[in-house]
Amino acid sequence: MALYGLMSAPIAGMMAQTSAFGAISDNITNMRTGGYKSTDVRFRTALATTFFDNSDVGGIVPIRVNNIEQQGPLNSTDNPNNLGISGRGFFVLNTEGDGTGDRLYTRDGQFQLKTNGEETITGFVRADGSIDTISTTGANPISFTINKSFLVDKNGHFVQGWPANELGEINAASDPEAMRVDQFGFISDASATTAANLQITLPATADTGQIEKAKASVFVATGELNTFDFVWTKGDAAQEWTLSIAPVNGTSTTTKDFTFGPDGTLPAGTTTPVEVTWNDGQTSAITLDLSKTRSLGQQFFYTDFQKDGRSPGDLRTFEFDEKGNIIGEFSNGVARPLYKMPLATFTNTNGLDRQQGDTFSESVASGTFLLREVDLSGVAQLVPFKHEISNTDLGSEFQTMILVQQAYNSSATVFKTVDEMTSTAADMKS
């Protein structure tokens with residue numbers, strides 16, 4: 001090896017250790033960064049086959065190795081928009097709200113809301129001050145423009161999810177889309193009452209013709225509450241009562257005779273149909289369960305009336321669950337899935353390409369992504385009110401730093417020695 005060739009190895013050594021120190025600096029600096037994945041620097045021997053007349057000029061080349069697959073600690077927060085992954089997989093992102101941008105992946109579940117686009121809302125103001133966006137006619141019409149709001153990561157990339165239908169069903173074979181979560185992104189339709197349960201106690205000692213009333217209200221198809229009375233009239237026979245319906249602002253021909261047993265009860269599963277025609281033309285057809293109605297004692301007691309159906313509702317808030325669902329809570333008390341968040345997995349997770357903002361993109365080395373449902377695949381669990389932070393091990397980083405410093409100093413000492421040798425050789429020539 002020529003004398004000047006001796007310099008290549010220590011120079012390569014110092015450059016390689018500089019690269020290693022840079023990786024350590026990045027890891028330590030980002031030890032509290034959400035979703036950050038540490039890197040290690042490994043080395044490969046480099047040996048030149050020809051370098052002028054020399055064949056053994058060599059050194060080392062640094063290679064950065066990703067620790068993407070290694071789980072980071074889950075940090076507890078009081079932020080309902082935070083979601084942690086315990087296990088494999090990545091949240092799916094897109095740089096554009098319409099899905100035409102770059103697809104990226106992240107482990108950082110510190111989500112937030114971002115406005116993207118506008119929408120004109122037309123409807124009618126209900127009596128409770130909420131907005132009816134379904135009806136085509138009504139009092140107090142209103143029209144205004146709102147900003148649509150979407151779930152994004154800390155870089156403003158749109159978090160992707162499968163949309164759910166009214167029954168909470170999703171199509172996992174479809175492409176996920178940006179998740180809109182503003183007040184007018186979803187509505188909970190009104191539903192008419194079709195089943196009800198009446199629990200009262202009629203006086204068994206009542207005289208023939210004595211009347212007891214129980215007031216109740218039910219939902220019609222538009223979500224409004226209409227009221228009627230259950231009218232119970234004592235019959236001639238012991239424990240015999242006749243039920244009729246007296247609607248407010250409506251009519252009903254429903255009437256039915258019941259005979260209670262010696263113990264004051266009706267047979268289990270006793271039901272009767274209730275039909276009402278309201279003055280506005282709407283109708284109600286209800287199956288009334290009377291199995292908890294009694295005829296006992298001397299006093300009338302109205303205990304309970306339960307019904308299905310609901311008024312229309314607007315989206316009020318949302319939350320995550322451990323299955324990856326985004327559960328919307330509506331003003332009418334309904335809670336149902338709006339979206340389901342998939343997790344993307346890869347054959348070689350450490351082969352992903354790093355991108356800005358602690359995100360990753362698919363590469364040839366990583367293989368193609370596979371979207372999975374958390375509750376069906378078993379690859380991970382999602383933990384609300386937590387987010388993953390860096391997987392940097394501070395003790396290991398300081399230990400490696402000492403080794404890197406020693407290796408750099410050694411390479412520098414070799415370089416200095418070679419420099420002194422060349423200076424001496426130059427002096428001898430002169």
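Before I start, a word on terms: a pocket here is an open set of grid points with protein on both sides within 12 Å along at least five of seven lines, and its volume is the space filled by probe spheres set on those points. Please keep in mind that what we are looking at is a predicted model.

With that in hand, let me take the second largest pocket, which has a volume of about 240 Å³. Its lining is made up of 18 residues, and those that lie nearest the centre are T39, D40, S396, E397 and T400. Helix α1 (8-29), strand β1 (39-47) and helix α3 (394-429) each supply at least two residues of this lining, and α3 gives the most, with five. Sorted by class, the lining has seven nonpolar, eight polar and three charged residues.

The largest pocket, for its part, has a volume of about 580 Å³. It is lined by 26 residues, with R126, D132, T222, E224 and P312 nearest its centre, and the lining divides into nine nonpolar, 11 polar and six charged residues.

D132 brings me to the strands, since β8 covers residues 131-132. This strand pairs with β7 in the antiparallel sense over two bridges, and I131 in β8 is the bridge partner of V125. Between β7 and β8, which form a hairpin, there are five residues, and in that turn G129 has a positive phi of about 95°.

On which strand, then, do we find the residue opposite G123? That residue is I142, in β9; β7 (residues 112-125) and β9 (residues 141-152) run antiparallel and are joined by 11 bridges.

Technical notes:
Residues numbered from 1 in each chain as written. Predicted model: local features only at pLDDT ≥ 70, side-chain atom pairs only at ≥ 80, totals over all residues. Heavy atoms only, no water. Pairing = 2+ DSSP bridges. Helix = DSSP H or I, 4+ residues; strand = E, 2+ residues; numbered from the N terminus. 1 Å grid on protein atoms, 1.4 Å probe; cavity = no way out; pocket = protein on both sides within 12 Å on 5 of 7 lines; lining within 4 Å. Nonpolar A, V, L, I, M, F, W, Y, C, P; charged D, E, K, R; others polar.
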